[in-house]
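Reader: I have a sequence and a model open on my screen, and I'd love some help reading them. Could we go through a few questions together?

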Amino acid sequence: RGYAADRLAAATRMKPWQAQRAASEVAHRPLASLHRLLARCWALDVEAKQGRAIPELAIEQLVFEVCFTTG
């Protein structure tokens, strides 16, 4: 929630418009919702590092969950 879209894009290798969309999707979410998304992010990270998920697809899955799930 604190990073500019260009920094988020650089860190995640997203296109700037994708990072802006992700940032705007989480900007007004309740803290509990953000905690659930962060836990999901960590789970996907572990799955990718253990070879149980393809990293690029894990990122896409997380972005989908951020953009298409509600608080």
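Reader: How far apart are the end C-alpha atoms of helix 4, and what span should its residues give?

Author: Happy to help, and please keep in mind that this is a predicted model. Helix 4 has 14 residues, and at 1.5 Å a residue they should span 20 Å. The distance between its end C-alpha atoms agrees with that, at 20 Å.

Reader: Which residues of helix 4 are buried?

Author: Buried here means under 20% relative accessible area. The cover over the buried residues of helix 4 includes helix 2 and helix 3. The buried residues themselves are Ala58, Leu62, Glu65, Val66 and Cys67.

Reader: Why do the buried residues of helix 2 line one face of the helix?

Author: The buried residues of helix 2 are Ala19, Ala22 and Val26. Looking down the axis of helix 2, these buried residues line one face because they fall within an arc of 65°. In general, an α-helix has 3.6 residues a turn, so residues three or four places apart point the same way. On the other side of helix 2, the exposed residues are Pro16 and Trp17.

Reader: What do the buried residues of helix 2 pack against?

Author: Their partners are other helices, namely helix 1, helix 3 and helix 4.

Reader: Which helix gives the most to the lining of the largest pocket?

Author: The largest pocket has a volume of about 1400 Å³, and 38 residues line it. Helix 1, helix 2, helix 3 and helix 4 each supply at least two residues of that lining. With 11 residues, the one that gives the most is helix 3.

Key. Residues numbered from 1 in each chain as written. Predicted model: local features only at pLDDT ≥ 70, side-chain atom pairs only at ≥ 80, totals over all residues. Heavy atoms only, no water. 1 Å grid on protein atoms, 1.4 Å probe; cavity = no way out; pocket = protein on both sides within 12 Å on 5 of 7 lines; lining within 4 Å. Points joined across faces, edges and corners; volume = space filled by probe spheres on them. Helix = DSSP H or I, 4+ residues; strand = E, 2+ residues; numbered from the N terminus. Buried < 20%, exposed > 50% of the residue type's maximum accessible area, 1.4 Å probe, protein only. Arc of directions from axis to C-beta. Contact = heavy atoms within 4.5 Å. Expected span 1.5 Å × (residues − 1).
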